Amino acid sequence: MSSDLQYDLHSHTCVSDGVLTPTQLLERAAERKVDILALTDHDDTRGIVEATDAATRVGVRLVPGVEISVTWNNTTIHVVGLGIDPQYAALAAGLAGIREGRLERAGRIAAQLARFGVPDALAGAQRQAGNPELIGRLHFARDLVARGVCKDVQSVFKRWLAKGKPGYVSHRWADMEDAVGWICASGGQAVLAHPGRYELGSNKLIQLLTEFRAAGGSAIEVVTGSHTPDQFVRFARLANEHGFLASRGSDFHSPDEHWRDLGRLAKLPDSCTPVWQNWTLN
Ligand code: AMP
Ligand code: MN
Ligand code: MN
Ligand code: MN
């Protein structure tokens, strides 16, 4: 019965800001009894080929995915694409454009950190990154931990990298309509990632859900490593009220940091319609 399968539909490798290789990620997923894993690296799909091979070997079904960085109403939001075709030209070109913007942003982050007394952060972040085209704040955070500036990555975000802190720079990511369009046109489903993490009042959140739906979004994450159990209930209700399917994923990045581990997830609330309801798995 498909309802007994363990779905984990949000995870990262060293292609973005996770630490495991695609092979190591799939091995860990198999050990942890995940049946269906989506690989959803930020703004890059180049881990999917290796992940697909590894998935066959370890007996986990792999859903090709991506997590796209989007600017909506001056707020950064993340849109997960599930079942995408990484070869689809408009998607590939859109992601390449986002990665260029990321590199330019990385220089500005490093300049800010230098201004506030932390020099050479770009080189440090590059040393942490498994993919030279994909530098994110977590790479800066790991470098600052390695250099003893802070005790863990969460402290780095709190002190340096979160919005309003000295190393934070504003940045314009993709438009939501574009990101959702690339995902859907490539054959995928667009899922609003961790909606509880955006600091939006309830009117703005409803506006986001309405516009995401109008753009072609089909699901929202209900059970994620970023939500509390109260938020599972709240977002299950919002999913149903706004006609969204519900997704479930750990957002695993690393065994050694604070992240929820693969497969360690609550079930979706019974009221939800799972995003996988019409999937045919082979
Ligand atoms: P970026 O896309 O470069 O802005 O980086 C966003 C990533 O940073 C997220 O996907 C998380 O991996 C990580 N992140 C964001 N906030 C925090 C936090 N408070 N603690 C640890 N990691 C965080
Ligand atoms: Mn991340
Ligand atoms: Mn995210
Ligand atoms: Mn993520």
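# Reasoning about the metal sites and the ligand 1 pocket

Me: Why does H10 count as buried?
Reply: The relative accessibility of H10 is 0%, and buried means under 20%. H10 therefore meets the criterion for a buried residue. The structure is a predicted model, and the values discussed here are computed from it.

Me: What makes H10 a donor of the manganese ion (ligand 4)?
Reply: A nitrogen atom of a residue is a donor if it lies within 2.8 Å of this kind of metal. The NE2 atom of H10 belongs to a group, together with H12 (NE2), E67 (OE) and D251 (OD), that coordinates the manganese ion (ligand 4) at 2.1 to 2.2 Å. These distances satisfy the cut-off, so H10 is a donor. Along the chain, the donor residues follow the spacing H-x1-H-x54-E-x183-D.

Me: Why can the pair H10 and E67 be said to tie together separate parts of the chain?
Reply: H10 lies in the loop between β1 (7-8) and α1 (22-31), whereas E67 lies in strand β3 (residues 61-72), so the pair joins parts that are 57 residues apart in sequence.

Me: How do you know whether E67 is buried or exposed?
Reply: E67 has a relative accessibility of 1%, and the limit for buried is under 20%. E67 is therefore buried.

Me: Which residues are the protein donors of the manganese ion (ligand 3)?
Reply: They are E67 (OE), H78 (ND1) and H194 (NE2), at 2.1 to 2.2 Å from the ion. With a donor limit of 2.8 Å, these atoms qualify. E67 in strand β3 and H194 in the loop between β6 (189-192) and α8 (202-215) link parts of the chain that are 127 residues apart. Both E67 and H194 are buried.

Me: How far is the manganese ion (ligand 2) from the manganese ion (ligand 4) and from the manganese ion (ligand 3)?
Reply: The manganese ion (ligand 2) is 4.6 Å from the manganese ion (ligand 4). The separation between the manganese ion (ligand 3) and the manganese ion (ligand 2) is 5.6 Å.

Me: What is notable about the phi angle of D251, and is the residue buried or exposed?
Reply: D251 is not a glycine, yet its phi is positive, at about 65°. D251 is found in the segment after β8. Its relative accessible area is 4%, which is under 20%, so D251 is buried.

Me: Why is N73 called partly exposed?
Reply: The relative accessible area of N73 is 41%. Partly exposed covers the range between buried, under 20%, and exposed, over 50%, so N73 is placed in that class. N73 is found in the loop between β3 and β4 (75-82), and its phi is positive, near 50°.

Me: What makes the pairing of D261 and R28 a polar contact?
Reply: The side chains of D261 and R28 are joined at 2.8 Å, and the limit for such a contact is 3.5 Å. D261, in the segment after β8 (245-249), has a relative accessibility of 15% and therefore counts as buried.

Me: Where does ligand 1 sit, and which residues place polar side-chain atoms by its oxygen atoms?
Reply: Ligand 1 sits in the largest pocket. Polar side-chain atoms of R102 and H253 each lie 2.9 Å from an oxygen atom of ligand 1, and one of R105 lies 2.4 Å from such an atom. Taken alone, ligand 1 exposes 500 Å², of which the protein buries 84%. Elements giving two or more residues to the surrounding shell are α3 (89-115), α5 (137-146) and α6 (153-161).

How values were computed:
Residues numbered from 1 in each chain as written. Chains lettered and ligands numbered in written order. Predicted model: local features only at pLDDT ≥ 70, side-chain atom pairs only at ≥ 80, totals over all residues. Heavy atoms only, no water. Donors = N, O, S within 2.8 Å, 3.2 Å for Na, K, Ca; no water. Helix = DSSP H or I, 4+ residues; strand = E, 2+ residues; numbered from the N terminus. Buried < 20%, exposed > 50% of the residue type's maximum accessible area, 1.4 Å probe, protein only. Polar contact = N/O pair within 3.5 Å; in protein donor to acceptor, adjacent residues only side chain to side chain. Areas by Shrake-Rupley, 256 points an atom, 1.4 Å probe, with all protein chains shown as cover. 1 Å grid on protein atoms, 1.4 Å probe; cavity = no way out; pocket = protein on both sides within 12 Å on 5 of 7 lines; lining within 4 Å. Sits in = over half its atoms within 2 Å of the grid points.
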